[in-house]
Amino acid sequence: MNRKQRRAGGKSRQPSSPAADARDPIALHSAGIQAYRAGHPEMAADLIAKAIAADGHMPEFHYNLAIVMRAQGKLQEAAASYKRAILLKPDYADAHNNLGNVWKVLGKRDEARACFEQALHLKPGNADTHYNLGVLCSDAGERDEAARHFQRCLDLDPDDSRGAGMLLAHLGLTSVPERTPQAQLLKLYDVRSRYWDQESSYFGHALVTEGLQQHAGTAPLDILDIGCGTGLVSAQVRPLASRLDGVDLSSAMLEKARDKNIYDRLAQADLLPFMSGHKASYDAVLGAATLIHFGDLRAVFQAAALCLRDKGLFVFTLFSHEKDQADFAVATNDKLAQSGCYTHSADYVERLAPESGFSVEMLKTVVHEHDEGGNPVAGLLVVLRRGK
């Protein structure tokens with residue numbers, strides 16, 4: 001069986017407009033939702049707008065058009081659509097909640113707070129709204145009120161799909177969790193899978209490729225890409241690989257990776273038991289923006305050491321903080337903290353590596369990505385080698 005045949009299968013799908021009766025608003029709306037879920041927001045907006053043109057009295061049509069508009073960064077248009085949904089259905093709690101999020105991004109905090117409070121009045125047990133009010137209060141320096149809303153969110157959502165526990169630690173009110181909740185990662189990357197391949201301000205995949213290229217020999221490698229996501233690393237490292245496998249928690253991310261038809265094998269699994277269960281199976285383990293979701297890295301290092309053959313490479317990126325701070329912490333950057341991210345010190349990595357059977361080949365400060373304002377976000381590029 002040749003390499004192409006062995007790769008994780010599936011032909012790449014090209015965007016095409018779902019079949020819908022141009023006179024049937026329900027069918028047009030449904031087709032728009034399908035297009036959005038498939039990662040085609042322009043097509044989705046066009047189809048839902050046609051549904052509204054056919055029947056403008058359905059609040060759900062305006063609500064879902066607002067979701068698509070926000071995903072496209074068209075915030076004023078999103079706000080207008082949410083307001084039309086509310087005009088048609090004044091007790092539409094989710095529309096009030098989402099409109100509050102748009103006002104918050106636009107810097108209209110008073111309007112945002114009013115929307116969130118109305119949403120909570122209409123739907124008192126809404127974990128999303130408690131979370132949003134927690135973020136708003138935290139940003140305003142209202143620490144006690146933020147903590148109250150985050151704790152209520154956590155009570156309503158014990159799996160912590162929104163990361164409220166991380167934000168309580170961010171406020172210094174609880175101990176730092178060992179890792180980001182899996183429920184939060186699944187929710188986060190289900191959304192990110194729709195646009196991740198178009199993200200131009202993120203450099204983790206290129207950094208990991210650079211680290212591998214600089215320290216790998218000439219022989220083809222058996223490579224494992226942990227937290228492989230949509231497969232951004234795969235195209236860059238495929239020429240170095242005799243076998244290229246990927247593992248990720250998110251089925252939505254893996255679907256995008258599978259469409260690239262580059263990996264030999266893809267698995268949906270927690271990376272720790274996956275690595276521990278594949279002893280001495282790989283020459284290189286790569287983690288682009290994956291270990292950012294772990295605080296204590298000890299378990300990850302130990303699993304990677306088990307997974308690698310002697311002299312194998314462990315190449316990954318982290319977000320960094322100053323050396324005089326703790327070994328690891330919930331990111332001080334609000335957006336990173338809300339995305340379940342940690343920062344780590346270089347000293348911590350240097351100290352932990354030999355304890356786990358690694359030598360440090362490279363440990364350098366890099367620009368991991370740019371934030372929404374175009375500002376550089378500091379990171380670490382790490383290359384470890386198993387054995388002395």
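**Exercise 1. Classify lysine 50 by its relative accessibility, and describe its salt bridge.**

Solution. Lysine 50 has 43% relative accessibility and therefore counts as partly exposed, the class between buried (under 20% relative accessible area) and exposed (over 50%), computed with a 1.4 Å probe on protein chains only. The structure is a predicted model, in which local features need pLDDT of at least 70 and side-chain atom pairs count only at pLDDT 80 or more, while totals for chains, interfaces and linings use all residues. Residues are numbered from 1 along each chain as its sequence is written, and side-chain values use heavy atoms, leaving out hydrogens and water.

Next, consider the partner. The side chain of lysine 50 meets that of aspartate 46 in a salt bridge at 3.2 Å, N to O; the criterion is a side-chain nitrogen of Lys or Arg within 4 Å of a carboxyl oxygen of Asp or Glu. Aspartate 46 is partly exposed, at 40%. Both residues belong to helix α3 (residues 41–54), 4 residues apart, or about one turn of the helix. Helices here are DSSP runs (H or I, at least four residues), numbered from the N terminus.

**Exercise 2. Determine which parts of the chain are tied together by the pair aspartate 197 and lysine 260.**

Solution. The closest N and O atoms of this salt bridge are 2.6 Å apart. Aspartate 197 sits in the loop between α11 (182–192) and α12 (204–215), whereas lysine 260 is in helix α14 (residues 251–260), so the pair links parts 63 residues apart in sequence. Aspartate 197 is partly exposed at 35% relative accessibility, and lysine 260 is partly exposed at 28%.

**Exercise 3. Identify the residues with the most contacts inside the largest nonpolar core.**

Solution. A nonpolar core is a set of buried Ala, Val, Leu, Ile, Met, Phe, Trp, Tyr and Cys residues joined through side-chain atoms within 4.5 Å. The largest has 39 residues, and those with the most contacts inside it are Leu212, Ile223, Val237, Leu244, Ala284, Leu286 and Val315. Beyond four places in sequence, valine 315 touches residues including Leu212, Leu286 and Val383, a contact being heavy atoms within 4.5 Å. A second, separate core of 35 residues includes Tyr63, Ala66, Ala78 and Tyr92.

**Exercise 4. Locate the segment where pLDDT stays under 50.**

Solution. The pLDDT, the predictor's confidence in each residue, runs from 0 to 100. Its mean over the chain is 93, and 94% of the residues reach 70 or more. Residues 1–14 stay under 50. Where pLDDT is low, the predicted coordinates should not be read in detail.

How values were computed. Helices (H or I, at least four residues) and strands (E, at least two) are DSSP runs, numbered from the N terminus.
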